[in-house]
Amino acid sequence: MKRRLLLLVPLLIFAVLVVFLYRGLSHDPSARASAKLADRFPAFDLATLDDPDRRLDRSLLEGGDDSEGEVTLVNVWGEWCPVCKKEMPQLQTLADRGVRLVGVDYKDTRDKGHEFLETYGDPFDVSLFDPKGSLGFDLGVYGAPESFIVDGDGFIRYHHTGYITPDDVEQVILPEIAKWR
Amino acid sequence: MAVTRLLGLARPLVLLAMLLLTTAAQAAIDVQSFDDPALAQRFEALSGRLRCPKCQNESIGASNSPIAGDMRARVAAMLRDGASDAEIEGAMVERFGDYALYDPRFEARTWLLWGLPFGLVVIGGGIVALFVVRRRRAGPQTLSAQERRHLDGLIARHNARDDEPGQADDPGRDA
């Protein structure tokens, strides 16, 4: 009897393997946890898109003069990024709902950046100009658009890679922001 | 026959050509240059160990994507600043997560991943050892009196059959 049961061991191992591999099939390989969650927003020293002489650092997100502990959505965009254009209406919705937005014009030129905001609207409190992608790199950005929800103390609480769909606004972004307010 | 022989000779040459082609493609991407050949060597190794976060399965040394280029530039800059390999890998993991490393680091979360193959070898070896020891312990088996008589009978019958010429190999005889 004991011998008979031992014969079932390979079958069991096989069954476990099947379940494990089957789960892998429905798993999106590009979806993975961000390394930056619960980290302080990386330090930066960048000019704004509007004014090359106005330099900002991360106190912008850490309850400085006008943010006062406000939850902020930092959106990384670029004129070269077609999906960013499709994302602008959703960002406008968020701004209309009272969310503070900070843009990062990533690997772009000033002219192109201005052109983009003139064409698709400007929902941002301010846009940082990151032509070399240095802030983007420190944020672990590997494509645009990407969005970060930063709490009032300047810690990253949520990282959205890729396009924010109209459904995401209500179902993901707003609840996440509410969580950290 | 001669053709297959020729193909057999050609195969290593084809393989060699393929290898040379792949290195040429890699070299085309790389624009980092180092004064110190040791640094260049470490750069090559790190480029192969770090995974491009935008790609499905490409090292930053093999990928053309912009982020892979940024990462190569950062690796090169850190190397020139005297950073260790571990520091560079750490900086990449800090930004892009464990995904950035082809070989996950050994830590509390990954001990099973690294340990399992060794664990399986130990378990398998243990099972084999158990069988061997058991068999040794059992020693040579002796026959009971009845078994001995049975065996003697079989041998006697076999010998008797061999003595009959021309019929020893007839398989139909016993049936």
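**Reading helices, contacts and backbone angles in a two-chain model**

Tutor: Let us begin where the chains meet: the contact takes 11 residues from chain A and 12 residues from chain B, two residues being in contact if their C-beta atoms, placed from the backbone, lie within 7 Å. By class, the side of chain A that touches chain B has five nonpolar, four polar and two charged residues; here Ala, Val, Leu, Ile, Met, Phe, Trp, Tyr, Cys and Pro count as nonpolar, Asp, Glu, Lys and Arg as charged, and the others, Gly among them, as polar. This is a predicted model, in which local features need pLDDT of at least 70 and side-chain atom pairs count only at pLDDT 80 or more, while totals for chains, interfaces and linings use all residues. Residues are numbered from 1 along each chain as its sequence is written, and chains are lettered from A and ligands numbered from 1 in the order in which they are written.

Student: How many helices and strands are there in chain B?

Tutor: Helices (H or I, at least four residues) and strands (E, at least two) are DSSP runs, numbered from the N terminus. Chain B has six helices and zero strands.

Student: How is the packing of two helices described?

Tutor: Two packed helices are described by the angle between their axes and the distance between the axes. Axes are lines fitted to C-alpha atoms, for helices over the stretch in contact, and angles run from 0 to 180 degrees between N-to-C directions. In chain B, helix α2 (residues 37–49) packs against helix α3 (residues 66–80) at an angle of about 145 degrees, with the axes 10 Å apart. On the α2(B) side the contact is made by Leu39(B), Arg42(B), Phe43(B), Leu46(B) and Ser47(B), and on the α3(B) side by Arg72(B), Val75(B), Ala76(B) and Leu79(B). These residues divide into six nonpolar, one polar and two charged.

Student: At what angle do α3(B) and helix α4 of chain B pack?

Tutor: The angle between α3(B) and helix α4 (residues 85–96) of chain B is about 145 degrees, and their axes lie 10 Å apart. Met71(B), Val75(B) and Met78(B) of α3(B) meet Glu87(B), Ile88(B), Ala91(B) and Met92(B) of α4(B).

Student: Is Leu91(A) buried or exposed?

Tutor: A residue is buried if 20 or more other C-beta atoms lie within 10 Å of its own, exposed if 12 or fewer, and partly exposed in between, with C-beta atoms placed from the backbone. Leu91(A) is buried, because 26 other C-beta atoms lie within 10 Å. Leu91(A) sits in helix α2 (residues 82–96) of chain A and, not counting residues up to four places away in sequence, touches Asn75(A), Leu101(A) and Pro123(A). In chain B, 13% of the 175 residues count as buried, and among the 19 residues of α6(B) the count of buried residues is zero.

Student: Which backbone angles deserve a second look?

Tutor: Most residues other than glycine have a negative phi, and most peptide bonds are trans. Ala38(A) has a positive phi of about 70 degrees although it is not a glycine, and Ala38(A) is exposed, with 9 other C-beta atoms within 10 Å. Lys107(A) has a phi near 50 degrees, again a positive value in a residue other than glycine, and Lys107(A) is buried, with 20 other C-beta atoms within 10 Å. As for the peptide bonds, a cis one joins Ala144(A) and Pro145(A), with omega about -5 degrees.
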